[in-house]
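Welcome! Here is a short tour of one part of a structure, for anyone meeting it for the first time. Have a look at the picture, then follow the notes below.

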Amino acid sequence: MSATDGASDPGDAPSVFEQVGGHATFDRLVRRFYEGVAADPVLKPMYPEDDMEGAIWRLTAFLEQYWGGPGTYSQQRGHPRLRMRHNPFHVNPDARDRWLGHMRVAVDDLQLPPLHEAALWDYLERAAFAMVNTFEETP
């Protein structure tokens with residue numbers, strides 16, 4: 001409540017990050033997602049074996065920041081520049097669909113309230129489509 005007019009201050013509302021359970025929820029989401037990636041013959045080669053924990057940290061920190069959590073991602077890595085960071089990888093519709101398939105399993109595992117689930121999935125789906133950078137088959 002504002003001290004002057006009794007109206008609610010939107011800054012007082014908990015972020016989606018807080019509403020869905022904070023770091024623990026995003027860590028669970030990303031770790032479950034990467035379980036699928038680790039077994040995927042198309043996606044696994046895009047992630048260096050010795051940097052899987054780094055990939056987990058980057059995606060977790062990015063999603064936490066996006067949904068109102070700490071700004072650690074930008075503090076440590078700068079602007080997300082998602083398209084630029086994914087450009088070196090062969091992200092075709094097959095890779096996108098595999099990514100979305102593993103993410104769908106991870107999102108479903110969270111059993112979020114429907115409104116939060118829909119918002120999260122909408123964002124992830126739009127982001128995945130935006131990362132496609134080729135329509136060529138996998139090399």
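Thr 134 sits in the segment that follows helix H7, and that is a good place to begin. Please keep in mind that this is a predicted model. From Thr 134 we move to helix H7 and then to the loop before it.

**Thr 134**
- Thr 134 counts as buried because its relative accessibility is 13%, and the cut-off for buried is under 20%.
- Its side chain comes to 3.1 Å from the backbone nitrogen of Glu 136.
- Setting aside neighbours within four places in sequence, Thr 134 is in contact with His 90, Val 91, Asn 92 and Pro 93.

**Helix H7**
- At 1.5 Å a residue, the 18 residues of H7 should span 26 Å, and its end C-alpha atoms are indeed 26 Å apart.
- The buried residues in H7 are His 116, Leu 120, Trp 121, Tyr 123, Leu 124, Ala 127, Ala 128 and Met 131.
- Viewed down the axis of H7, these buried residues fall within an arc of 160 degrees, so they line one face of the helix.
- They pack against helices H1 (16–19), H2 (23–38), H3 (52–66), H5 (82–86) and H6.
- On the other side of H7, Pro 114 and Leu 115 are exposed.

**The loop before H7**
- Gln 111 belongs to the loop between helix H6 (93–110) and helix H7 (114–131).
- Gln 111 is exposed, with a relative accessible area of 71%.
- Although Gln 111 is not a glycine, it has a positive phi of about 50 degrees.
- Most residues other than glycine have a negative phi.

Methods: Residues numbered from 1 in each chain as written. Predicted model: local features only at pLDDT ≥ 70, side-chain atom pairs only at ≥ 80, totals over all residues. Heavy atoms only, no water. Helix = DSSP H or I, 4+ residues; strand = E, 2+ residues; numbered from the N terminus. Buried < 20%, exposed > 50% of the residue type's maximum accessible area, 1.4 Å probe, protein only. Expected span 1.5 Å × (residues − 1). Arc of directions from axis to C-beta. Contact = heavy atoms within 4.5 Å. Polar contact = N/O pair within 3.5 Å; in protein donor to acceptor, adjacent residues only side chain to side chain.
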